[in-house]
Amino acid sequence: MNGLYIICEARGEEFRPATYELLAAARAITAATGGEVTAVVAGPEVTLKAKLEGLAHRVVTLTAPELTPFSADSWVDALAAAIGAGAPRAVLFGEGGRTREVMPRLAARLGAWALSNCVDLRVNGGGADAVGGSTGAGATDGLGGASAAGAAAADGGSALEISRPVYGGKAYVTNLVPADGLLLAAFRPHSFDAGMAPAGLSTAAEEVAAPVAVSRVELVERREGGPRKADLTEAAVVVTGGRGMKGPENFGLLEDLAAALEGAVGYSRALVDAGLAEHAYQVGKSGKTVSPTLYIACGVSGAIHHIMGMDTAKVVVAINTDPTAPIFEYADYGVVGDVLQVLPALTEQVRAATS
Amino acid sequence: MRVVVLVKEVPDLEAAVKVTGDGSGLEVEKRRGLNFFDEIAVEAALKLKESHGAVTAAVGASAGAGVEAMRRAVAMGIETPLLVDDPALDGADSLTIARALAAAVALEPTDLVIAGKQATDDEAGLVGPMVAEILGMPCATRAIGLEVEDGSVLVTREIDGGEEVVRLPLPALITAEKGLAEPRVPGMAGTMKAMKVQIERTDLAALGVQAHPVLPVVAYRTVGQRPPVTMIEGEPADAAAELVRLLRQEAKVL
Ligand SMILES: Cc1cc2nc3c(=O)[nH]c(=O)nc-3n(C[C@H](O)[C@H](O)[C@H](O)COP(=O)(O)OP(=O)(O)OC[C@H]3O[C@@H](n4cnc5c(N)ncnc54)[C@H](O)[C@@H]3O)c2cc1C
Ligand SMILES: Nc1ncnc2c1ncn2[C@@H]1O[C@H](COP(=O)(O)O)[C@@H](O)[C@H]1O
């Protein structure tokens with residue numbers, strides 16, 4: 001079989017947007033190359049499987065009791081069994097903490113290739129431009145990609161190519177997905193448009209109840225952060241404050257704008273090191289890597305370490321008093337001005353425009 | 001107690017990266033050092049040396065390089081450096097690297113392996129958990145706190161949207177997140193020692209490691225695909241209005 005597996009992941013009562021994005025990308029690709037799209041749901045996610053109706057050719061549920069709550073040990077066993085049985089060409093994950101626990105161990109178990117941070121998967125010659133250039137990509141662009149993929153297949157070529165940034169985004173590598181052998185790949189959120197390929201497939205259901213090991217890792221305590229802050233790497237919009245925000249008394253301006261855009265707030269390391277913000281919300285090389293549709297840098301200078309955490313954002317806005325600040329070299333839109341004045345004005349305009 | 005740190009030598013963050021010719025190759029300036037997160041891992045190991053009398057070792061895998069990273073680890077205080085040096089590791093797949101490191105770790109009974117959360121060149125975060133799987137060890141990623149108990153470790157780790165505390169039986173592998181430890185700056189004595197240290201070497205054949213094939217590269221490309229910035233002029237209110245208009249009508253992200 002030559003299909004694609006998607007490892008579905010939920011946050012609470014809904015799948016992550018990345019799950020729908022990957023399913024759409026897989027539908028577009030298999031429409032061109034042949035093969036089936038298989039959605040894999042395990043443990044706590046099984047209760048949500050009805051939401052996948054029509055989005056995949058097949059939904060495989062993994063139901064061993066050890067899979068709830070999530071534990072890497074049990075999940076690696078269960079996924080290895082499911083993937084081994086289906087022999088797909090590639091297995092697609094959404095980037096995230098859980099994927100980074102499970103995917104590398106699966107690769108070692110199965111003797112597979114594994115790639116993190118992927119931003120594009122396409123049939124040779126098809127698909128949207130891999131690198132950063134998909135500014136404003138809407139549903140039509142996505143469908144365009146799919147039909148271009150179809151054209152490539154008609155030529156007899158159905159080579160799959162996969163792209164990701166390396167060296168902190170200073171370069172991108174495109175690899176060939178070999179026709180034989182197994183590839184596991186994790187994609188950053190917003191790599192694909194969830195509407196890029198029509199749904200309405202007839203979805204077969206299958207259950208795999210392979211025995212799995214009990215986790216060797218004992219959970220002692222869990223502290224979850226606030227729901228909005230938790231979404232930093234997931235958010236479609238990220239508003240980041242740098243040293244130009246001065247102090248926490250002004251962070252409300254960031255939160256207001258983020259709220260108006262239904263986004264999340266991030267901080268530069270300068271503020272984290274000064275003890276003014278928490279490391280969990282730091283964007284950059286030693287913090288989180290974000291890949292939102294819209295990134296707004298407020299009083300951030302644009303040091304390379306910061307850029308490494310946000311350069312795959314689709315559209316970047318920078319607000320800075322210094323017209324020579326490096327951040328403008330990485331931005332699509334720049335406003336030279338004081339964040340303390342521009343931010344309230346911007347929040348007001350966004351509210352007016354979106355209400 | 002034996003603690004082994006996986007140390008990777010990576011290009012300096014400021015190193016220039018150039019795509020060569022028609023996109024067939026990548027030229028990376030040769031300024032290299034110890035990976036940021038591995039330095040944190042080294043410090044965490046040294047803390048265990050001080051508090052629990054742990055014996056510390058560092059292993060690396062590289063093709064004709066890796067000495068810089070090893071020296072840094074030794075200068076900080078790691079006792080035994082071991083380098084898997086093999087031409088087959090040039091541009092090798094992560095799984096090959098992990099197999100080599102796992103075999104090197106397994107040369108002696110080991111209680112705890114500490115890797116970095118990820119390397120700054122590929123940001124992959126693959127090799128640590130792969131080594132855990134190969135060695136059959138339980139694994140906790142993104143550790144920000146570590147306490148050794150009798151036969152187990154208590155690890156505080158970052159998860160998406162929060163933190164958790166977990167207990168792992170030893171032997172185990174953890175990966176170091178920023179915050180686990182604050183790396184020391186090597187002193188004069190350490191630096192002198194590192195200059196003279198004999199770095200032990202081995203290779204894939206000696207370790208009995210089979211390389212995993214490399215994924216074919218189609219092309220490399222640089223960034224800069226982002227079109228030149230559009231600067232927006234005017235008073236804050238006017239600039240904000242114009243920005244919102246562009247985000248809606250031109251970029252279509254609102
Ligand atoms: C190993 C290493 C890892 C690192 N990792 C990270 C990381 O993960 N994330 C990260 O962010 N950094 C990281 N850094 C730090 C990075 O190099 C920079 O020091 C940091 O990003 C600077 O933060 P900043 O832009 O907020 O501050 P600054 O560089 O001080 O910039 C402040 C900016 O605000 C502007 N400004 C001032 N007042 C105003 C105003 N009223 N209105 C508008 N603009 C104003 C200024 O013109 C300036 O451009 C790392 C550094 C190292 C060495
Ligand atoms: N060649 C290598 N030599 C030693 N350790 C490595 C090597 N590659 C990766 N590692 C370890 O694995 C971690 C994750 O690396 P990576 O998977 O490349 O992001 C690093 O922080 C190191 O601890």
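Visitor: Which residues in α3(A) are met by those in α2(A)?
Guide: This is a predicted model, in which local features need pLDDT of at least 70, side-chain atom pairs count only at pLDDT 80 or more, and totals for chains, interfaces and linings use all residues. Residues are numbered from 1 along each chain as its sequence is written, chains are lettered from A and ligands numbered from 1 in the order in which they are written, and side-chain values use heavy atoms, leaving out hydrogens and water. Contact means heavy atoms within 4.5 Å, and helices (H or I, at least four residues) and strands (E, at least two) are DSSP runs numbered from the N terminus. From α2(A), Ala72(A), Asp73(A), Trp75(A), Val76(A), Asp77(A), Leu79(A), Ala80(A) and Ile83(A) meet Arg98(A), Glu101(A), Val102(A), Arg105(A), Leu106(A), Arg109(A) and Leu110(A).

Visitor: How many residues of the contact of α2(A) with α3(A) are charged?
Guide: Ala, Val, Leu, Ile, Met, Phe, Trp, Tyr, Cys and Pro count as nonpolar, Asp, Glu, Lys and Arg as charged, and the others, Gly among them, as polar. In the contact of α2(A) with α3(A), 9 residues are nonpolar, none is polar, and the number charged is 6.

Visitor: At what angle do helix α3 of chain B and helix α4 of chain B pack?
Guide: Axes are lines fitted to C-alpha atoms, for helices over the stretch in contact, and angles run from 0 to 180 degrees between N-to-C directions. The axes of α3(B) (residues 94–105) and α4(B) (residues 127–135) are 9 Å apart, and the angle is about 55°.

Visitor: Is His306(A) buried or exposed?
Guide: His306(A) is part of helix α8 (residues 304–307) of chain A. Buried means under 20% relative accessible area, exposed over 50%, and partly exposed in between (1.4 Å probe, protein chains only). Because its relative accessibility is 6%, His306(A) counts as buried.

Visitor: With which side chain does the side chain of Arg167(B) make a polar contact?
Guide: Arg167(B) belongs to strand β11 (residues 162–169) of chain B, and at 25% relative accessibility it counts as partly exposed. A polar contact is a pair of N or O atoms within 3.5 Å; within protein, one must be able to donate a hydrogen and the other to accept it, and residues adjacent in sequence count only if both atoms are side-chain atoms. Beyond its neighbours within four places in sequence, Arg167(B) is in contact with residues including Arg216(A) and Glu218(A). At 2.8 Å, the polar contact of its side chain is with that of Glu149(B).
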